[in-house]
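Student: I would like to go through this model feature by feature. For each one, please give the general idea and then the case at hand.

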Amino acid sequence: MHADTRTGPGHVVVIGGGIAGLAAAHRLLDSGARVTVLEGSDRLGGKLLPGEIAGARVDFGAESMLARRPEAVALAREVGLDARLRPPATASASIWTRGALRPMPKGHVMGVPGTASALAGLLSAEGVQRIERDADLPRTEIGEDVAVGEYVAARLGHEVVDRLIEPLLGGVYAGDAYRISMRSAVPQLFEAARTHTSLTEAVRGIQARAAAAQQTGPVFMGIEGGCGQLPLAVAESVRARGGEIVTGAQVTELRRSAGEAAGRSGELAWRVVAGGRVLHADGVVVAVPAAAAAALLRDEAPAAAAELAGVEYASMALITLAYRRGDIRLPEGSGFLVPPVDGRTIKASTFASQKWGWIDEENPDVMVLRTSVGRYGETEILGREDGELVDVSRHDLREATGLDATPIAAGVTRWTDGLPQYPVGHYARVARIREHVGKLPGLAVCGAAYDGVGIPACIASANAAVDQLRGDRGGLDELITNPVQSLHGGAGE
C-alpha cells in the first residue's frame, strides 16, 4: 500500500462514479479543484446503462430525464450532447386496468386530478363520484408529512390511488403509494395541500401557476443512443480537463487525518483507502447508495451512518424484447402502466421504438419493447430465472395488446436494491443526515437517496454538495425550497 504522492491543496475525492458522482466531479473542476473519482465497480454510470439488442442501441437503465428542470439538460449540453437531445416521439401512454388499455388521463398532478371528470373513463362511475365529494369534506391536516396514498384516499377515495397514483409512483420508486412520503415524492402537492381545504382545488392551483409560468418545450428528454450516454460523456469531459477517474477502486476506509499529508500543516484532511492506494484530500464527496455510504461514514459520522443504514431500497428488473417489425402491430403511444390492484406481473411496458424516434430511424426492421417487474417488498418475481421473466412479460403483453409473435432477441437487466424508498419522514431523515455530515469540514453527500431518484435530482444533489464543500449553502437551500419532483416519463421508466 502506498501513499499517493500527487495529492495537494484543493484535492477532492469523489466516491462513486454514478451520474451524481460524475456531475460532482464536473462541477468541482469548474471551481478549480483537483479531482479523483473512485468507482468500486468496473463501469461508470450507475443506474444509467447503455446497451444493444438485435443491433439497436437502447437503455438498460433509466431512459428519460425531466426537461422542465434545468440540471440534466444543462449538463448534457455542457459535455457536448446538445445535438443529440431528443424529446419523445409520442407522449401518449395508457393504463392497463379493468381489462383494457385506457388512455392516460390529462389534468392531474402525479395522478391527483384537478376535477373528477379528468379521470372519467379510467375509474368506475362510483370512483368518479367519490372524487366529487372532496369539495365538501372538511380540511385534512397533513402535519410534517403524510403518505401520498393515505392522504389522497381519504380525500378522493381508494380507486384513484389504486388505479392511477399507484402505477405512476410505482414507476418512479418501485414503491407502495400508501407508504411513500408526499412531502418528498410530490412536494408541489404537499405544499399546495397545506394551504387549501380541497385537494382538487390545490391541484387546480398548481395547474394555474404552471400555466402562468408559460413553460414550453417537452416535459421529458432523451438522448440519441440512450440516456446511458450521459455519464460516459461527463466522464470523458472530466478526464479531458485533468480529472482522474479510477474504476475497480472499492473504497474501504474513509477517515480524517492530520493535514500534513495534504500539504496543509496543522489542519485535518481526509484519508481515503481504495485497494492498494491511499489518497489524502482536502474534501470528499460521498456519492454512493445509502448502505455503502453508511459503511464509509460509520467511524467519522456515526449518527449520519445510522440514519443512512435505515434507508430501504426496492429491486426491479427490466426485460428488453426485440421483434421483427413485420411480425407485430402495437397500439399507438409510448406504452402503458399497470396498477398492482389488477394482479398482473409486469408493472409497465415501454414501446421503445415508438417512444424514441432515433431507435425507429436507426432500426427500421426491428421493434424494441421493454417491460419492468418488481416493486418494494416483492421478492418472488425477482427470484425467477431470466427465461421465466421473459415468458411472463410475453404473456402479459399478449393479454394487454394481443402481441403473440416470438421475439428475435431478449435480455434481462436486474437492478438489485436499485431504487431508494422515500417513506413518510424521509425529508426529516435527509435533514438529519446533512446536519451530522455538515459538522465535518470537507465532507458532503449526494445521490438518489436524498433529493429525488430522477437524473435532474441526482445532479442537483451533486451541485449542492460541491457548493457546500466551498462553504456555499445556496444550492442546498434552493433544493429545500424548490425540490426536484421525480416525475414518471410515460411508461416503463
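Tutor: Start with strand pairing. E6 and strand E12 (residues 220-223) are joined by two bridges and run antiparallel. Keep in mind throughout that the model is predicted.

Student: Which residue of E12 is the bridge partner of Leu-66?

Tutor: Phe-220 is the partner of Leu-66.

Student: In what order do the strands of this open sheet lie?

Tutor: The order is E6-E12-E7, three strands with antiparallel pairing. Strand E6 (65-66) and strand E7 (85-86) each have a single partner strand, so one side of each has no neighbour in the sheet.

Student: And what is the general idea for side chains in a strand?

Tutor: Along a regular strand, side chains alternate between the two faces of the sheet.

Student: Next, the hairpin of E4 and E5. How many bridges join E4 to E5?

Tutor: Four bridges join these antiparallel strands. One pair to look at is Glu-52, which stands opposite Arg-57 in E5. Two residues lie between the strands of the hairpin, and Ala-54 has a positive phi near 50° there.

Student: Where does Ala-54 lie, and is Ala-54 buried or exposed?

Tutor: Ala-54 lies in the loop between strand E4 (50-53) and E5. Its relative accessibility is 36%, so Ala-54 counts as partly exposed. The positive phi is found there although Ala-54 is not a glycine.

Student: Where is Asp-417, which also needs a look at its phi?

Tutor: Asp-417 is found in strand E22 (residues 409-420). Its phi is positive, near 50°, and the residue is other than glycine. With 45% relative accessibility, Asp-417 counts as partly exposed.

Student: How do I read the two sides of a helix?

Tutor: Because an α-helix has 3.6 residues a turn, residues three or four places apart point the same way. In helix H3 (residues 125-132), the buried residues are Gly-127, Val-128, Arg-130 and Ile-131. They cover an arc of only 155° around the axis, so they lie on the same side of H3.

Student: Which residues are exposed on the other side of H3?

Tutor: Glu-126 and Gln-129 are exposed there.

Student: How is empty space inside a protein found?

Tutor: A probe the size of a water molecule is rolled over the atoms, which shows where empty space is left. In this model, a search of the whole structure finds one cavity of 30 Å³ or more. The largest cavity holds about 100 Å³ of space.

Student: What lines the largest cavity?

Tutor: The lining has 14 residues, and Asp-59, Glu-63, Ala-352, Trp-356 and Ile-359 lie nearest the centre. Two or more lining residues come from each of strand E5 (56-59), E12, helix H13 (357-362) and strand E21 (366-373). By type, the lining divides into eight nonpolar, three polar and three charged residues.

Student: Last, the cysteines. How many disulfides does the search find?

Tutor: The search of the whole structure finds zero disulfides. Cys-227 is in none, and the nearest cysteine sulfur, that of Cys-458, is 12 Å away. Cys-227 has 1% relative accessibility and therefore counts as buried.

Student: Why is Cys-446 not bonded to Cys-458?

Tutor: The sulfur of Cys-446 is 8.3 Å from that of Cys-458, its closest cysteine sulfur, which is too far for a bond. Cys-446 is buried, with a relative accessible area of 0%.

Definitions and conventions: Residues are numbered from 1 along each chain as its sequence is written. This is a predicted model: local features need pLDDT of at least 70, side-chain atom pairs count only at pLDDT 80 or more; totals for chains, interfaces and linings use all residues. Side-chain values use heavy atoms; hydrogens and water are left out. Two strands pair if DSSP finds at least two bridges between them. On a 1 Å grid over the protein atoms alone, a cavity is a set of points where a 1.4 Å probe fits but cannot get out, and a pocket is an open set with protein on both sides within 12 Å along at least five of seven lines; lining residues have an atom within 4 Å of a point. Grid points are joined across faces, edges and corners, and a volume is the space filled by probe spheres set on the points. Ala, Val, Leu, Ile, Met, Phe, Trp, Tyr, Cys and Pro count as nonpolar, Asp, Glu, Lys and Arg as charged, and the others, Gly among them, as polar. A disulfide is a pair of cysteine sulfur atoms within 2.5 Å. Buried means under 20% relative accessible area, exposed over 50%, partly exposed in between (1.4 Å probe, protein chains only). The arc is that of the directions from the helix axis to the C-beta atoms.
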